[in-house]
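Subject: A structure to look at

Hello,

Here is the structure I promised to pass on. Have a look at it first, and then read on for what turned up in it.

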Amino acid sequence: MGSVSKIYFTKDITPENIVKLYNMLGKKLEGNIAIKVHSGEEGNQNYLKPEFWKEIIDYVGGTVVECNTAYEGERNSSAKHLRLLEKHDWNAYFDVDLMDEEGPDIEIPIKRNAKHLKSDIMGKNFLNYDSMLVLSHFKGHPMGGYGGALKQLSIGCASSAGKVNIHSAGKYTKAEDMNVLWEDLPEQNAFLESMAEAASAVVDHFHDNIVYINVMANMSVDCDCCAVAEDPCLKDIGILISTDPVAIDRACIDLVMASQDVGRDHFMERVTTRNGEHTIDVAADMGIGVKEYELISI
């Protein structure tokens, strides 16, 4: 990663083109590969289904990984989440690992300067992997403003306790604390900064052995974690791939802002009212990526 990161991009959203972009990137993931997906909350209509991701997952090999949530729904306990993974057909296509299915959690130290978190709390199975493919559905998010690669690295990879840790900016560190978390949330920027801090722990753990794919389709202002989500407000834009989580998220925001779509302002209102770009800025300041990029279209 230099002062300018390369991002490969196509407007043609197909499973075959994801594989094509992966080969163009020229970064071959090796060893035991964790493939981070968003399994989709029960009732959500916008998440990207396992059939869509199958070609790249089969091509790269590895294990689909997920983690439990820290809010009410069908993914906040291992038993419920495992049933939903089955219902959403993830197990029908792939080996699936709910990384915090069983305790104890582990703590990955945050090695860079951090204002809030001492460590990233994760399921113990996280340590079984040598590299990671981060498959992100780029869309809005009720709290973070938007969801992309940085969210997948942070909230996405954290256990239930880890999610409580991030959302509380380090005040609460146990899964059972979720009962008080939502009544005692920190100032917004502290939460966004905590996401960047948690993301840095995952990046530093895998070093250069991570590839990021952001798919800009089904773009609602709401996340795939929402059981009741708005329908998409933007037309599909394309697929991006990079080895830089900061650059790829920055590029996605820029592509939205450059679009002439009638839903652009509605989407960007969600991002700006949550100060979502602050996560990108803090992650760049922490040195886990750069905001400058070259977008290479195919």
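A residue is called buried here when its relative accessible area is under 20%. By that cut-off, 60% of the 298 residues of the chain count as buried. Please keep in mind that this is a predicted model.

Let me start with the whole chain. Its secondary structure comes to 11 helices and 12 strands. The radius of gyration is 17 Å, close to the 19 Å that the globule rule gives for 298 residues, so the chain is as compact as a globular protein of that length. Taken along the principal axes, the C-alpha atoms fill a box of roughly 45 × 40 × 40 Å. If you count the contacts with a separation of 6 or more, 76% of them are between residues 24 or more positions apart.

Next, the interior. The largest nonpolar core has 60 residues, and those touching the most other members are Phe-126, Met-132, Phe-138, Leu-153, Met-216, Leu-240 and Phe-267. Helix α8 (residues 188-206) gives this core its largest share, 10 residues. There is also a second, separate core of 29 residues, with Tyr-8, Val-19, Tyr-22 and Leu-85 among its members.

Phe-138 is a good place to zoom in. Leaving out residues up to four places away in sequence, Phe-138 touches, among others, Tyr-146, Asn-214, Met-216, Met-219 and Phe-267. Its partners also include Cys-252, Ile-253 and Val-256, and these three are buried residues of helix α9.

That brings us to α9 itself, which runs over residues 245-258. At 1.5 Å a residue, its 14 residues should span 20 Å, and the end C-alpha atoms are 20 Å apart, which agrees. How much of this helix is buried? The count is 11 of the 14 residues, so α9 is largely enclosed by the rest of the structure. The buried ones include charged-looking names you might not look for at once, such as Asp-249 and Arg-250, alongside Pro-245 and Leu-255. At the start of the helix, a side-chain oxygen of Asp-244 comes to within 2.8 Å of the backbone nitrogen of Val-246.

Now for a pair of strands. Strand β5 (residues 106-109) and β6 pair in the antiparallel sense, over four bridges. One of the partnerships joins Ile-108 to Asp-120 in β6. Along β6 (residues 119-122), Ser-119 and Ile-121 point one way while Asp-120 and Met-122 point the other way, and all are buried.

Two of those β6 residues, Ser-119 and Ile-121, are in contact with Asn-165. Asn-165 lies in helix α6 (residues 160-167) and, at 3% relative accessibility, counts as buried. Beyond its neighbours within four places in sequence, Asn-165 also contacts Leu-117, Gly-170, Tyr-172 and Thr-173. Glu-42, which is 123 residues from Asn-165 in sequence, is 24 Å from it in space, C-alpha to C-alpha.

Last, take a look at His-81 in helix α3 (residues 78-87). Is His-81 buried or exposed? Its relative accessibility is 0%, so His-81 counts as buried. The side chain of His-81 makes a polar contact of 3.1 Å with the side chain of Ser-39. Not counting residues up to four places away in sequence, His-81 also touches Glu-66, Cys-67, Asn-68, Glu-74, Arg-75 and Leu-98.

Enjoy exploring!

Best wishes

Methods. Residues numbered from 1 in each chain as written. Predicted model: local features only at pLDDT ≥ 70, side-chain atom pairs only at ≥ 80, totals over all residues. Heavy atoms only, no water. Helix = DSSP H or I, 4+ residues; strand = E, 2+ residues; numbered from the N terminus. Expected span 1.5 Å × (residues − 1). Buried < 20%, exposed > 50% of the residue type's maximum accessible area, 1.4 Å probe, protein only. Polar contact = N/O pair within 3.5 Å; in protein donor to acceptor, adjacent residues only side chain to side chain. Core = buried A, V, L, I, M, F, W, Y, C linked by side-chain atoms within 4.5 Å. Contact = heavy atoms within 4.5 Å. Pairing = 2+ DSSP bridges. Rg over C-alpha atoms; globule rule 2.2 N^0.38 Å.
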